[in-house]
Amino acid sequence: MSFMDRWPPLAQDGLLAAAMAVLLSVVVFVAPHAGALDLAAALGGSLALVAWRRAPLVSLLVSTACMLVVEARIQPGPAAAFPVMVSVFAAVRAGRLPAAALAGVVFLGTGLVANLPGADGSWQVLLDVSLLLGWFVASGVAATVTRHRQAYLEEAERRAAEAERTRDEAARRRAGEERLRIARELHDSLTHSISVIKVQAGVAVHVARKRGEDVPPALLAIQEASGDAMRELRATLEVLRDPDHSDGEPLASGLDRLDDLVERARSTGLPATVTISGTRRELPAEVDRAAYRIVQEALTNVSRHAGGAAAAVRIDYADGELVVRVDDDGEADPDAPPVPGKGLLGMRERVAALGGRLRAEPRAEGGFTVHAELPLREPAGEPS
């Protein structure tokens, strides 16, 4: 980009008009018998170039009329044609070829008529007019090329924008089709199985109560867990099928269901405690869901991998962040950390998406800890 290209178009046009005014003023001053009318006409024809981009026909009319006055009165030579040539270029570029051709013919004809009678050599006058005619034609050709190039660039930009829009639409369509496919697969593969589990557990609970027997806590836990699974699966399928209208889904799990989650873990035989510190407040939906899922996955891992261990859940509403910690007193070895499974990977992905930090590792005093710090505002940098 040149230095001039950094200027706004109006400043460039003003500089062009000022330079043309200075040039023609010098020409008028050195011309014999020049007067104030000639200087005014030269300045008017030059200053009309300020409008050559925005109003090419106005610039063409004013510059041609003014320079005709100068040409007819003092015959200053080719310099008088410069403002007219710029205006002809502007008019042709704007698609006003007839007006540009008429202005060029009138100006050149007037110059020929004004110079030929008093000229010492008519061949020299004809040569000068022919030279000016060539300049006018070159100006029109350059304007035509510029116009076609601009049209080509605009068409290329339009096609690029259309191609980008088409790609975006195709990507959205493929994503929508993939979401529907996943929703169908989840529905066909999970809904039936979970429904069977829920029904069977409900029947077993009903039969036990009808017989007056004590219902095993594990059976109640299965019934409740299958009900929660069905609820959350329906919420997930709703999001997959219509993501634009599923924001704020009321069935999504958050920390308001933490007590139910811990109670269900206790019903399976896992000793679990909950400690909440800080001032409880409304949480962003994504943070609320992520905190619930972290506790859920951590308690599930304690039940699966640390049999007989106790778990301690801590929720801290700190300034600007939510701290979630789940400790157990199992037999995890700090020297042999477990290989991260899908659950831990899912935790890290949730925390990273929120710009937070996660530490999941064996404790030095024994057992395992999951420590997550979730910011309550937009992260300033890249997620940790």
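Where is the place of Val 205? In this predicted model, Val 205 sits in helix α6, which covers residues 122-210; helices here are DSSP runs of H or I with at least four residues, strands are runs of E with at least two, and both are numbered from the N terminus. Residue numbers start from 1 along each chain as its sequence is written. Local features need pLDDT of at least 70, side-chain atom pairs count only at pLDDT 80 or more, totals for chains, interfaces and linings use all residues, and side-chain values rest on heavy atoms, with hydrogens and water left out.

The overall picture comes next. The protein has 10 helices and 5 strands. Of its 384 residues, 35% are buried, where buried means under 20% relative accessible area, exposed means over 50%, and partly exposed is in between (1.4 Å probe, protein chains only). The accessible surface adds up to about 22600 Å², and carbon and sulfur atoms hold 59% of that; these areas come from the Shrake-Rupley method with a 1.4 Å probe, and for residues only the protein chains shown count as cover. As for contacts (heavy atoms within 4.5 Å), take those between residues at least 6 apart in sequence: 69% of them join residues at least 24 apart.

Back to Val 205. With 2% relative accessibility, Val 205 counts as buried. Leaving out residues up to four places away in sequence, Val 205 touches Val 215, Leu 219, Leu 220 and Gln 223. For one of these, Leu 220, the C-alpha to C-alpha distance from Val 205 is 7.3 Å, with the two positions 15 residues apart in sequence numbering.

Now for the helix pairs. Two packed helices are described by the angle between their axes and by the distance between those axes. The axes used here are lines fitted to C-alpha atoms, for helices over the stretch in contact, and the angles run from 0 to 180 degrees between N-to-C directions. Helix α1 (residues 9-30) packs on helix α2 (residues 36-47) at about 160 degrees, the axes being 8 Å apart. That makes α1 roughly antiparallel to α2, given that angles over 145 degrees count as roughly antiparallel, under 35 as roughly parallel, 65 to 115 as roughly perpendicular and the rest as oblique. The crossing of α1 and α2 is right-handed; the near helix is turned clockwise from the far one by less than a right angle in a right-handed crossing, and anticlockwise in a left-handed one. On the α1 side, the residues involved are Ala 17, Met 20, Ala 21, Leu 24, Ser 25, Val 28 and Phe 29, and they meet Asp 38, Leu 39, Ala 42, Leu 43, Ser 46 and Leu 47 of α2. Sorted by class, that contact has 10 nonpolar, 2 polar and 1 charged residues. In this scheme Ala, Val, Leu, Ile, Met, Phe, Trp, Tyr, Cys and Pro are nonpolar, Asp, Glu, Lys and Arg are charged, and the others, Gly among them, are polar.

Helix α2 also pairs with helix α3 (residues 56-74): their axes come within 8 Å and cross at roughly 150 degrees. The two helices are therefore roughly antiparallel to each other, and the crossing of α2 and α3 is left-handed. From α2, the contact takes in Leu 37, Asp 38, Ala 41, Ala 42, Gly 44 and Gly 45, while α3 brings Val 62, Ser 63, Cys 66, Met 67, Val 69, Val 70, Arg 73 and Ile 74. The class tally for α2 with α3 is 9 nonpolar, 3 polar and 2 charged residues.

Helix α3 also holds Ser 59, which is buried at 1% relative accessibility. Setting aside neighbours within four places in sequence, Ser 59 is in contact with Ala 48, Leu 49, Ala 51, Trp 52 and Ser 87. Ala 90 lies 31 residues from Ser 59 in sequence and 8.5 Å from it in space, C-alpha to C-alpha.

Further along the chain, helix α7 (residues 217-241) and helix α8 (residues 258-267) have axes that come within 9 Å and cross at roughly 145 degrees, and the crossing is left-handed. Here Pro 217, Ala 218, Ala 221, Glu 224, Ala 225 and Asp 228 of α7 meet Asp 260, Arg 264 and Ser 267 of α8. By class, this contact has 4 nonpolar, 1 polar and 4 charged residues.
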